[in-house]
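Me: I keep meeting words like "buried" and "oblique" and I'd like to know what earns a residue or a helix such a label. Can we go through some of them together?

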Amino acid sequence: MTPWDMLAVFAAGTGAGAINTVVGSGTLITFPVLLATGLPPVTATVSNALGLIPGSISGAIGYRKELSGQARRILKLSVGALLGGLTGATLLLALPSTAFETIVPVLVGLALVLVVLQPRISGVVRRRRESAGHAAHRDGGPPLAIGLMLASVYGGYFAAAQGIIYMSLMGMVLDEPLQRLNATKNVLVAVVNAVAALFFLFVADFDWTAVALIALGSALGGQIGAALGRRFSPTVLRTLIVAVGTVAIVQLVLH
């Protein structure tokens with residue numbers, strides 16, 4: 001890499017770390033930059049997954065206050081995230097690079113619709129539960145666990161906008177403020193990135209320079225994102241998720 005390439009990768013890592021912590025889709029910043037430096041697609045994907053781990057951990061630490069009281073839930077959901085992430089990482093090396101190109105924009109689009117409708121859907125679910133005399137499941141139950149595991153398969157494969165999918169699924173089922181869901185999302189993303197990266201270390205090629213630059217940038221960006229994102233109201237956060245997700249869909253379709 002040239003010095004300008006290195007600066008661009010570091011800057012992309014910082015931006016990705018910040019946006020991943022607040023919303024998700026940071027890969028849509030780093031991945032094109034890595035391709036522009038001349039890395040092959042799979043090498044770029046693997047290097048990106050490794051580099052974003054510090055950013056995910058940094059973002060989770062920045063949201064530690066919102067994580068209070070969620071240890072049991074996160075532990076349960078992390079098991080599915082781990083299995084899904086490992087499956088997705090395996091598929092990345094086994095399937096052609098075009099395998100997910102058709103379904104990914106559809107998944108992200110559906111997730112955005114669910115994010116927009118989340119308050120209404122949650123209200124309907126809550127009223128039906130109350131009328132039936134059922135208590136809310138603290139951890140979302142099997143439907144949420146399965147949905148997040150499937151989303152983690154996609155996260156281990158490519159990761160772009162996986163946070164948006166997580167937020168849409170949790171928002172429909174869990175009766176929690178959006179910021180607490182965002183904190184949970186950051187931990188699950190860290191789990192998926194970590195397990196995928198550990199798998200890649202043994203079976204795939206990666207670029208250590210790119211990994212180091214993205215790692216440094218994303219760790220910084222994670223703190224920036226947490227400092228800013230925790231101040232957003234639910235409406236602002238939801239609007240930001242939809243805006244970033246829309247950009248993600250456009251980029252994925254045009255790619």
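What follows is a chat about the labels used for this predicted model.

Me: To start with, what makes up the secondary structure of the protein?

Reply: The protein has 11 helices and zero strands. Read from the N terminus, the elements go α-α-α-α-α-α-α-α-α-α-α.

Me: And how much of the protein is buried?

Reply: Of the 255 residues, 52% are buried. As for the outside, the protein exposes about 11,500 Å², and carbon and sulfur atoms supply 71% of that.

Me: Why is G245 called buried?

Reply: Set its value against the cut-off: buried means under 20% relative accessible area. G245 has 0% relative accessibility, so it counts as buried. You'll find G245 in helix 11, which covers residues 234-254. The C-alpha atom of G245 is 7.6 Å from that of G109, although 136 residues separate the two along the chain.

Me: How do you know which label suits T184, buried or exposed?

Reply: T184 comes out at 1% relative accessibility, so it counts as buried. It sits in helix 9. Leaving out residues up to four places away in sequence, T184 touches L67, Q70, I74, L77 and M170. Take I74: it is 110 residues from T184 along the chain, with 6.7 Å between their C-alpha atoms.

Me: What makes L75 exposed?

Reply: Exposed means over 50% relative accessible area. L75 has 61%, so the label is exposed. L75 belongs to helix 5, residues 71-94. Its C-alpha atom is 9.8 Å from that of V187, which is 112 residues away along the chain.

Me: Then why is P32 called partly exposed?

Reply: That label is for values between the two cut-offs, under 20% for buried and over 50% for exposed. P32 has a relative accessible area of 34%, so it is partly exposed. P32 is part of helix 2, residues 27-36. From P32 to V9 it is 23 residues in sequence and 9.9 Å in space, C-alpha to C-alpha.

Me: Now a whole helix. Why is helix 4 said to be largely enclosed by the rest of the structure?

Reply: Just look at how many of its residues are buried: seven of the 10 in helix 4 (residues 53-62), so the helix is largely enclosed. The buried ones are I53, G55, S56, S58, G59, A60 and G62. They pack against helix 1 (3-22), helix 3 (41-51), helix 9 and helix 10 (208-229).

Me: On to pairs of helices. What makes helix 7 roughly antiparallel to helix 8?

Reply: Their axes cross at roughly 175 degrees and come within 9 Å. Angles over 145 degrees count as roughly antiparallel, so helix 7 and helix 8 get that label. On the helix 7 side, L144, G147, L148, A151, S152, Y154 and G155 take part; on the helix 8 side, Q162, I165, Y166, L169, M170 and V173 meet them. Sorted by class, this contact has nine nonpolar, four polar and no charged residues.

Me: Why are helix 7 and helix 9 called oblique to each other?

Reply: Helix 7 (residues 141-157) and helix 9 (residues 178-203) pack at about 45 degrees, with axes 10 Å apart. Parallel needs under 35 degrees, and perpendicular starts at 65. The angle falls between those, so the pair is oblique. The crossing is right-handed. L148, S152, G155 and G156 of helix 7 make the contact with L188, V192, A196 and F200 of helix 9. That gives five nonpolar, three polar and no charged residues.

Me: How do you know that helix 1 and helix 9 are oblique too?

Reply: They pack at about 130 degrees, with their axes 8 Å apart. Perpendicular ends at 115 degrees, and antiparallel needs over 145. The angle lies between those limits, so helix 1 and helix 9 are oblique. Here N20, T21 and V22 of helix 1 meet N182, K185 and N186 of helix 9. By class, that is one nonpolar, four polar and one charged.

Me: One last thing: what share of the contacts with a separation of 6 or more links residues 24 or more positions apart?

Reply: In this protein, that share is 83%.

Key: Residues numbered from 1 in each chain as written. Predicted model: local features only at pLDDT ≥ 70, side-chain atom pairs only at ≥ 80, totals over all residues. Heavy atoms only, no water. Helix = DSSP H or I, 4+ residues; strand = E, 2+ residues; numbered from the N terminus. Buried < 20%, exposed > 50% of the residue type's maximum accessible area, 1.4 Å probe, protein only. Contact = heavy atoms within 4.5 Å. Areas by Shrake-Rupley, 256 points an atom, 1.4 Å probe, with all protein chains shown as cover. Axes fitted to C-alpha atoms, helices over the stretch in contact; angles between N-to-C directions. Left-handed = near helix turned anticlockwise from the far one by under 90°. Nonpolar A, V, L, I, M, F, W, Y, C, P; charged D, E, K, R; others polar.
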